[in-house]
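Welcome, and thanks for taking a look at this one with us. Please have the sequence and the 3D view open side by side as you read.

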Amino acid sequence: MAENKNIDLISDLIKAEIKNYENKIDTSDVGYVLTVGDGICTIYGLDKAMYGELLSFPNNSYGMVMNLNEDSIGAVILGKDNDIYEGDIVKRTGKVVSVNVGEALLGRVVNALGHPIDGLGEIEAESYMPIEAPAPKIMDRQPVDQPLETGIKAIDSMIPIGKGQRELIIGDRQTGKTAIAIDTIINQKGKNVICIYCAIGQKNSTIMQIVSKLKEYDAHKYTIVVNASASESAPLLYIAPYSATTIGEYFEKKGRDVLIVYDDLSKHAVAYRTISLLLKRSPGREAYPGDIFYLHSRLLERACHLSDRLGGGSITALPIVETQAGDISAYIPTNVISITDGQIFLSTDLFNSSQRPAIDSGLSVSRVGSAAQTKAMKSVANSIKIELANYSELLDFSRFGSDLDPVTKATIKHGSVLMEVLKQKQYHPLAMEDEIVDIYIAQSKLIDDVPLEKIHPLLAKLDGYIHDHYPEIYQTIKETKELSQEIKDKIVLACKEVRSILAIK
């Protein structure tokens, strides 16, 4: 009996101690690594951690909360996970993932966290801003009606881009998608536009070539390169475009115009799919997670033209998506097409036939349209797409028969001249007034009888001739942004004089 009483007493004491024990281990701000690998970490504890919160690991490593499970936390490591081991202590920071912003980033190459990787020293950040931010409200925006000139005749005439627009560049591998983006950046020289080139999953050698080209054309001074290369972990590829957008928003809120190139969002989607599968989220179509649409919509919706009340700044987005065998009906391409305000489709067949840039005018569209064009460009470009469509249709038809009537022959010849005039070398963007003169000459059928191989020498000679003998043509178009009848007559006169000099009758 005595033994039973002692057992009951000890039991009661233990229960009381357990009940009154208040110095329990606090798991709200501190956790422990359960598993780590492939840039993914499972953590016990951190009961009060928030989605997207920055976590501190040993050895100056950081992570971001991505999963909030019932008994653990799923986080992605922002960098390499070599120095993180099971049992390591993880601490909350109470902050979200942020990136340094400021004027000091201009001309620099940084990683997805805003840290310099160009060997030119540290960057003194003016401030830090979260990489995720809500898109501006409808009432905080204004219509897109100011042209952002690419310097590429085929785009500025048929698929105009406005400041604040989101225009997708889409096509197969090696069709010139990046070339269009880089030419557009080079063309912003002297136009007070900040450019950001965000490389996602590209080779470091490719990025080095792009940076060297930007320096060669003196475009690096107003450009920031955000590089999450193919050698980086999937989490860094995932956050890179959001970081680039945040850097752009810093300038946008100061009333500046910003151009951001995302090269490319196909690799961005693959990186997010990798993270999601490693976090054991449910796979959906093509193994992408169910929120893959939200991945890009919340990114691209941040591009807009702010109202004058908020400074009137703008972010113009040029996302790039790679297709397989020209299939624009695939999962990721259709997602991004539905988010953007139009697309520039690059055709492999046109590229292989030496049409550069290889823009398919039939599948390309700008939903902003002529609202983002000057009056001069509208007047010369309003019928180009229709004429090229007629040319393409008649060209296919002509392959089946040799006996064509004169009208059909003239239409095919005019279309072939238009296509030749729209050809343009890489790294040679044109001023708006140069584009208008070239397109007006082609549209007016002044050179329909010129052999195709002589068209570009004629245009080059005409450009120099106008600068020397009729400089008022370019000056008037540049200042008034209109094409008067007097200027049209002078262009025709200059063209005839150049043809006489070149002995082209």
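Here is a short briefing on this chain, grouped by topic.

This is a predicted model. The chain holds 16 helices and 16 strands, and 51% of its 505 residues count as buried. Along the principal axes, its C-alpha atoms fill a box of roughly 125 × 50 × 45 Å. Among contacts with a separation of 6 or more, 73% are between residues 24 or more positions apart.

**The largest pocket**

- A good place to begin is the largest pocket, with a volume of about 880 Å³.
- Its lining is made up of 33 residues, and those closest to the centre are Gln-174, Gly-176, Lys-177, Thr-178 and Ala-179.
- Three elements each bring at least two residues to this lining: α3 (177–186), α4 (204–216) and β14 (314–322).
- Of the elements, α3 gives the most to the lining of the largest pocket, namely six residues.
- By class, the lining of the largest pocket has twelve nonpolar, ten polar and eleven charged residues.

**The second largest pocket**

- The second largest pocket holds about 540 Å³ of space.
- If you want to find its centre, look for Leu-350, Tyr-391, Ser-392, Leu-395 and Met-419, which lie nearest to that point among the 25 lining residues.
- Helices α2 (153–158), α11 (384–398) and α12 (406–421) are the elements that give two or more residues to the lining of the second largest pocket.
- From α11 come seven residues, the largest share of that lining.
- The lining of the second largest pocket divides into twelve nonpolar, seven polar and six charged residues.

**An enclosed cavity**

- Besides the pockets, there is one cavity of 30 Å³ or more, and the largest cavity has a volume of about 100 Å³.
- Residues lining the largest cavity include Pro-147, Leu-148, Glu-149, Asp-156, Pro-160 and Ile-161.
- Also part of the lining of the largest cavity are, among others, Ala-372, Gln-373, Thr-374, Met-377, Met-432 and Glu-435.
- Seven nonpolar, two polar and three charged residues make up the lining of the largest cavity.

**Strand β13 and its neighbours**

- How many of the residues of strand β13 are buried? In β13 (residues 257–263), seven of seven are buried, so to use the 20% cut-off, each has under 20% relative accessible area.
- Asp-257, Leu-259, Val-261 and Asp-263 point one way from β13, while Val-258, Ile-260 and Tyr-262 point the other way.
- Strand β11 (residues 193–200) runs parallel to β13, and seven bridges join the two.
- Within that pairing, Ile-194 has Val-258 of β13 as its bridge partner.
- β13 also pairs with β14 in the parallel sense, over seven bridges, and here Val-261 stands opposite Leu-318 of β14.

**Helix α7, tucked inside**

- Why is α7 described as largely enclosed by the rest of the structure? Seven of the nine residues of α7 (residues 292–300) are buried, so the helix is largely enclosed.
- The buried residues of α7 are Ile-292, Leu-295, His-296, Ser-297, Arg-298, Leu-299 and Leu-300.
- These buried residues pack against α5 (234–252), β13, α6 (265–278), β14 and α8 (331–339).
- β13 and β14 thus appear again here as packing partners of α7.

**The barrel**

- Six strands close into a barrel in the order β1-β2-β5-β4-β3-β6, with antiparallel pairing.
- From one strand to the next, the twist averages 45°.
- One of the pairings to look at is that of β3 (residues 53–57) with β4 (residues 61–68), which are antiparallel and share four bridges.
- Leu-55 has Gly-63 of β4 as its bridge partner.

**A loop residue to locate**

- Where is Lys-48 found? Lys-48 sits in the loop between β2 (40–45) and β3.
- Is Lys-48 buried or exposed? Lys-48 counts as exposed because its relative accessibility is 56%, and the cut-off for exposed is over 50%.
- Lys-48 lies 71 residues from Gly-119 in sequence, and the two are 39 Å apart in space, C-alpha to C-alpha.

Key:
Residues numbered from 1 in each chain as written. Predicted model: local features only at pLDDT ≥ 70, side-chain atom pairs only at ≥ 80, totals over all residues. Heavy atoms only, no water. 1 Å grid on protein atoms, 1.4 Å probe; cavity = no way out; pocket = protein on both sides within 12 Å on 5 of 7 lines; lining within 4 Å. Points joined across faces, edges and corners; volume = space filled by probe spheres on them. Nonpolar A, V, L, I, M, F, W, Y, C, P; charged D, E, K, R; others polar. Buried < 20%, exposed > 50% of the residue type's maximum accessible area, 1.4 Å probe, protein only. Pairing = 2+ DSSP bridges. Axes fitted to C-alpha atoms, helices over the stretch in contact; angles between N-to-C directions. Contact = heavy atoms within 4.5 Å.
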